[in-house]
Amino acid sequence: MNEFENLLLDINSTGILFLTINRPDKMNALNSTTIEEIRTAIQRVYDDSTIRGVVITGAGDKAFIAGADIAELAELNEVNGRKFSEQGQEVFALIENCHKPVIAAVNGFALGGGCELAMACHMRIASQNARFGQPEVNLGIIPGYGGTQRLTQLVGKGKALELIMTGDMLGAEEAKTLGLVNHVVPSREALMEKCLELMNKIIAKGPLAIGMVVDCVNAAYDPKQDGYQVEANSFGSCCRTGDFKEGTRAFLEKRKAKFSGN
Ligand code: COA
C-alpha cells in the first residue's frame, strides 16, 4: 500500500487506516506532491469498503505538519496562488466530507496548513506537546487551505481573528479550552490509544448513519444548504436502511446490533 513518496499508509485488522505525513526532516511540511498524495489516499478511503476510518498523523516526534512548504509558497504569483489555495481547499473538503470518521492525531507542531488539515478532520486529539497556530501573516500571506473559515467555526470569530492576526501559537490545553481540540493526552502512545478507542467506538455504529451525521453537521456551516432540511432528508434515508432495521430490532431483542452498512 505504500507507493507514496511522502505518505505512509498502514491499515489495521479492523480496517482503520493510519495515514502518516512523512517528511520529518521538513517538519512534514505540505508540498504539492504531498497534497496530491493526500487527495489520492483519501479518495481511496471513499472507494475502498475495507477501510472504515482514518487516523492522520505526522512522522517523527516534533511535528504533525508545520504548514505548507514555504520554499514552494515563495514562488507563487496571483494566478497560481489562487489555484494553490483552491487545490488545498478541495483536498481538505474531501477529508471534511468523508463519510468515514477521520481523526487528526496531533503529535507536535500543527501550523498553517497543518492546523488547517487538522481542522478539516472530524476530530482532533492532541498530545501534550502539540502546538497549534496560523502563522501565515508572519510571511505576509493569509491561511489559504480553509483556515479562516474552519478556525472561525471551531473557536468563534473574535478568537479566530486574534489567532490569525497575531500568528500566535496555542498549546494543547489552551486549544482544548477553546474547542479546537477534543482531547489532550500525555504522550504519542496515549495519542494512538485514544484515537483507536474513539475509532473503535464509532466504527461499531451504523456506518450509513455516521456518514449522514457528517453531512448534517457540515450543512450547519454551509450557507447554501438548509441544515434542518438536510437533517430531515437524512433521517428519512436512514429509516429505509437495513442498519436501522437491525439497530432497532437488536435493541428490542436485547442483543448487540450487527450493522452491515446497507
Ligand atoms: N516549509 C518548508 N520547510 C519547513 C517548514 C515549512 N513550513 N517548516 C519547517 N521547515 C524545515 C526548516 O526549513 C528546516 O529545514 P532545514 O533543516 O533544511 O533547514 C527543518 O524543517 C526544521 O525546521 P527548523 O525551523 O530548523 O526547526 P525548529 O524546531 O527550529 O522550528 C518550527 C520548528 C515549526 C517552529 C519552524 O520550523 C517554523 O516556524 N516553521 C514554519 C511554520 C510556518 O510558518 N508555517 C506556515 C506556512 S504557511
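# A walk through the structure

Strand 5 (residues 102–106) and strand 7 run parallel and are joined by four bridges. That is a good place to begin a tour of this model, which is a predicted one. One of the contacts between these two strands is easy to find: look for Ala105, whose bridge partner in strand 7 is Ile125. Strand 7 also has a neighbour in strand 10 (residues 183–185), to which three bridges join it, and this pairing is parallel too. Here you can pick out Ala126, which has Val184 of strand 10 as its bridge partner.

How many of the residues of strand 7 are buried? Five of the five residues in this strand (residues 123–127) are buried, so strand 7 is largely enclosed by the rest of the structure. Follow the side chains along the strand and you will see them point in two directions: Met123, Ile125 and Ser127 go one way, while Arg124 and Ala126 go the other. Both sets are buried.

A second group of strands is worth a visit. Four strands make up an open sheet with mixed pairing, in the order 4-6-8-9. At its edges are strand 4 (63–65) and strand 9 (170–171), each of which pairs on one side only. As a general point, strands of a sheet pair through backbone hydrogen bonds, and they may do so in parallel or antiparallel fashion. Strand 8 and strand 9 run antiparallel, with two bridges between them. To see this spot for yourself, find Phe132 and then Leu170, its bridge partner in strand 9.

Now for the aromatic rings. Searching the whole structure turns up two aromatic pairs. In the pair of Phe84 and Tyr145, the ring centres are 5.2 Å apart and the planes meet at 25°; since planes under 30 degrees apart count as stacked, this pair is stacked. Phe84 belongs to helix 3 (residues 78–96), whereas Tyr145 sits in the loop between strand 8 (131–133) and helix 5 (147–155), so the pair ties together parts that are 61 residues apart in sequence. Phe84 is buried, at a relative accessible area of 15%, and Tyr145 is buried as well, at 3%.

Tyr145 also takes part in the other pair, this time with Phe92. Here the arrangement is edge-to-face, with 5.3 Å from centre to centre and 75° between the planes. Phe92 lies in helix 3 and Tyr145 in the loop between strand 8 and helix 5, so this pair links parts that are 53 residues apart in sequence. With a relative accessibility of 0%, Phe92 counts as buried. Taken together, Phe84, Phe92 and Tyr145 make one aromatic cluster.

Next, turn to helix 11 (residues 242–252), where Asp243, Glu246 and Ala250 are buried. Why do these residues line one face of the helix? Seen down the axis of helix 11, the buried residues fall within an arc of 65°, so they line one face. Part of what covers them is helix 9 (207–219). On the face turned away from this buried side, helix 11 carries the exposed residues Phe251 and Leu252. After the helix comes Lys254, with a positive phi near 55°.

A short stop at helix 10 (residues 227–239) brings you to Ser237, which has its place there. Ser237 is partly exposed, with a relative accessible area of 21%. From Ser237 to Met212 the C-alpha to C-alpha distance is 8.9 Å, although the two are 25 residues apart in sequence.

The tour ends at the largest pocket, which holds about 700 Å³ of space. Its lining has 27 residues, and those closest to the pocket centre are Glu96, Gln153, Val217, Asn218 and Tyr221. Several elements already visited return here: helix 3, strand 7, helix 5 and helix 9 are among those that each supply at least two residues of the lining, as does helix 4 (113–120). Which element gives the largest share of the lining? The answer is helix 9, with seven residues.

Technical notes. Residues are numbered from 1 along each chain as its sequence is written. This is a predicted model: local features need pLDDT of at least 70, side-chain atom pairs count only at pLDDT 80 or more; totals for chains, interfaces and linings use all residues. Side-chain values use heavy atoms; hydrogens and water are left out. Rings of Phe, Tyr and Trp (its six-membered ring) pair if their centres lie within 6.5 Å; planes under 30 degrees apart count as stacked, over 60 as edge-to-face and the rest as tilted. Buried means under 20% relative accessible area, exposed over 50%, partly exposed in between (1.4 Å probe, protein chains only). Two strands pair if DSSP finds at least two bridges between them. The arc is that of the directions from the helix axis to the C-beta atoms. Contact means heavy atoms within 4.5 Å. On a 1 Å grid over the protein atoms alone, a cavity is a set of points where a 1.4 Å probe fits but cannot get out, and a pocket is an open set with protein on both sides within 12 Å along at least five of seven lines; lining residues have an atom within 4 Å of a point. Grid points are joined across faces, edges and corners, and a volume is the space filled by probe spheres set on the points.
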